[in-house]
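This report describes the architecture of one protein chain together with the surroundings of its ligand. The text starts at the ligand and then moves outward through the sheets and helices.

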Amino acid sequence: MSRHINVLGLNKRYPGATGPDALESIDLSIEPGEFVTLVGASGCGKSTLLRIIGGLETRTGGDVCIDGVPVDGPGVDRAMVFQHYSLYPWLSVTDNIRFTRKLKAHTADSTSASVEAASGRADTLIRVMGLGHVRDAWPNQLSGGMQQRVAIARALMPKPPILLMDEPFGALDAQTRDVMHDLIRHLAKVEKTTIVFVTHDVDEAIYLGSRVVVLAPRPGRIDSIHAVPLPAQRTQDMKLAPDFLALKKTILDRIRETSGMKTDLDLLEKLTAGTALEARE
Ligand SMILES: Nc1ncnc2c1ncn2[C@@H]1O[C@H](COP(=O)(O)OP(=O)(O)OP(=O)(O)O)[C@@H](O)[C@H]1O
């Protein structure tokens, strides 16, 4: 079920770009069923890399292969979840989640047993996502966090072998995020999904990933790859474990060092002096 992703000498230059390449010489091999998280300073190419693996963006050099076959566009083996959910406004919560299954039923696999199994999966996803009470609601009646949970359930519905997630939990409150973290790790383990997950949140990257890839900007490149020294079965209190905190510090230091941004205290001083002057006038 799960798939191997191999990125080899990948380059990306956007048309008309005048600065450094968005991605340069990216080599990354992701094992079947692995959970890899991508972090890095703004503009280092995390989303670009994810979109190229998803087949939504072209590459200018190198290769991306899934089980040895070069990616040449989107495919049913890869589901994507973005930070900004995009639900079908004319469909209820349940029908949004069932939508991809309905498409499939129109093509091949449409025996009554498989339709029934799909309907059971949709019901289970609705319940584990905490959406039971809004199953018949329309998307515009839901909060942003709820809409995002519907979008995640919809992506999980067809049991994709590969799940590509671009800051999918960015809009969720901290408690819901924690629940989603445990849920997504559990599903990935049970369904042997290969996951590539982009985030700005280093805690999230470590808690979810088996490896954390740090990208550096200008040009976008791999700075370092960190194996996560936590057991496969994770619990929220591990976020306070010394190994977790040490890795967090190492990764944050790498991101800071590669971002090229540092707090300029002199400039801040001038700024606040200026504000103080204005206040007196
Ligand atoms: N459609 C586009 N056209 C031109 N340049 C683009 C396009 N999309 C991204 N870029 C550029 O490519 C580089 C990488 O962008 P990308 O969005 O992949 O980075 P990111 O690491 O996901 O950033 P962030 O963390 O801020 O979301 C940036 O310099 C960005 O300006």
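By class, the shell of residues around the ligand contains 4 nonpolar, 7 polar and 1 charged residues, and it should be kept in mind throughout that the model discussed here is a predicted one. The residues around the ligand are Tyr14, Ala17, Ala22, Gly40, Ser42, Gly43, Cys44, Gly45, Lys46, Ser47, Thr48 and Gly220. Helix α1, which spans residues 46–53, supplies the largest share of this shell, with 3 residues.

**Overall make-up**

The chain has 8 helices and 10 strands, and of its 281 residues 36% count as buried. Among the contacts in the chain with a separation of 6 or more, 71% are made by residues 24 or more positions apart.

**Helix α1 and the four-stranded sheet**

Helix α1 is mostly covered, with 7 of its 8 residues buried; the buried residues are Lys46, Thr48, Leu49, Leu50, Arg51, Ile52 and Ile53. Two of these, Lys46 and Thr48, also belong to the residues around the ligand. Just after the helix, Gly55 takes a positive phi of about 80°.

Which strands does helix α1 lie across? The helix lies across β1, β2 and β4, and it runs at about 125° to β1. These strands belong to an open sheet of 4 strands in the order β2-β1-β4-β5, in which the pairing is antiparallel. Its edge strands are β2 (23–30) and β5 (69–70), each of which pairs on one side only. Within this sheet, strand β1 (residues 5–12) is joined to strand β4 (residues 61–66) by 5 bridges, and Leu8 stands opposite Asp63 in β4.

**The six-stranded sheet**

An open sheet of 6 strands has the order β6-β7-β8-β3-β9-β10, and its pairing is mixed. Because β6 and β10 stand at the edges with a single partner strand each, one side of each is left without a neighbour in the sheet. Neighbouring strands of this sheet are turned by 20° against each other on average, with direction ignored. The table follows the pairings across the sheet, with one residue pair given for each.

| Strand pair | Sense and bridges | Opposed residues |
|---|---|---|
| β6 (residues 78–81) and β7 | parallel, 4 bridges | Arg78 and Ile162 |
| β7 and β8 (residues 194–198) | parallel, 5 bridges | Leu164 and Val196 |
| β3 and β8 | parallel, 4 bridges | Leu38 and Val198 |
| β3 (residues 35–40) and β9 | parallel, 5 bridges | Thr37 and Val212 |
| β9 and β10 (residues 221–227) | antiparallel, 6 bridges | Val212 and His226 |

Strand β7 (residues 162–166) is mostly covered, since 5 of its 5 residues are buried. Ile162, Leu164 and Asp166 point one way from this strand, whereas Leu163 and Met165 point the other way, and all are buried. Such an arrangement follows the general pattern in which the side chains of a regular strand alternate between the two faces of the sheet. Together with helix α5 (residues 174–191) and β8, strand β7 makes a right-handed β-α-β unit.

Why is strand β9 described as largely enclosed by the rest of the structure? In β9 (residues 211–216), 5 of the 6 residues are buried, and the strand is therefore largely enclosed by the rest of the structure. Val212 of β9 is the bridge partner of Thr37 and also stands opposite His226 in β10. Strands β9 and β10 form a hairpin with 4 residues between them, and Arg218 in the turn has a positive phi of about 50°. Gly220, one of the residues around the ligand, comes just before β10, which covers residues 221–227.

**Helices packed on the six-stranded sheet**

Helix α4 (residues 144–156) lies across β6 and β7, and it runs at about 175° to β6. Helix α7 (residues 242–259) also packs on the sheet, where it touches β3, β9 and β10, and its direction makes about 175° with that of β10.

**An exposed position in helix α8**

Leu271 is found in helix α8 (residues 265–280). Is Leu271 buried or exposed? With 11 C-beta neighbours inside 10 Å, Leu271 counts as exposed, because a residue is placed in that class if 12 or fewer other C-beta atoms lie within 10 Å of its own. Leu271 and Val128 are 143 residues apart in sequence, and their C-alpha atoms are 49 Å apart in space.

Note on methods:
Residues are numbered from 1 along each chain as its sequence is written. This is a predicted model: local features need pLDDT of at least 70, side-chain atom pairs count only at pLDDT 80 or more; totals for chains, interfaces and linings use all residues. A residue is near a molecule or strand if its C-beta atom, placed from the backbone, lies within 6 Å of it. Helices (H or I, at least four residues) and strands (E, at least two) are DSSP runs, numbered from the N terminus. Ala, Val, Leu, Ile, Met, Phe, Trp, Tyr, Cys and Pro count as nonpolar, Asp, Glu, Lys and Arg as charged, and the others, Gly among them, as polar. A residue is buried if 20 or more other C-beta atoms lie within 10 Å of its own, exposed if 12 or fewer, and partly exposed in between; C-beta atoms are placed from the backbone. Two residues are in contact if their C-beta atoms, placed from the backbone, lie within 7 Å. Two strands pair if DSSP finds at least two bridges between them. A crossover is right-handed if, with the strands pointing away from the viewer, the path from the first strand over the helix to the second runs clockwise. Axes are lines fitted to C-alpha atoms, for helices over the stretch in contact, and angles run from 0 to 180 degrees between N-to-C directions.
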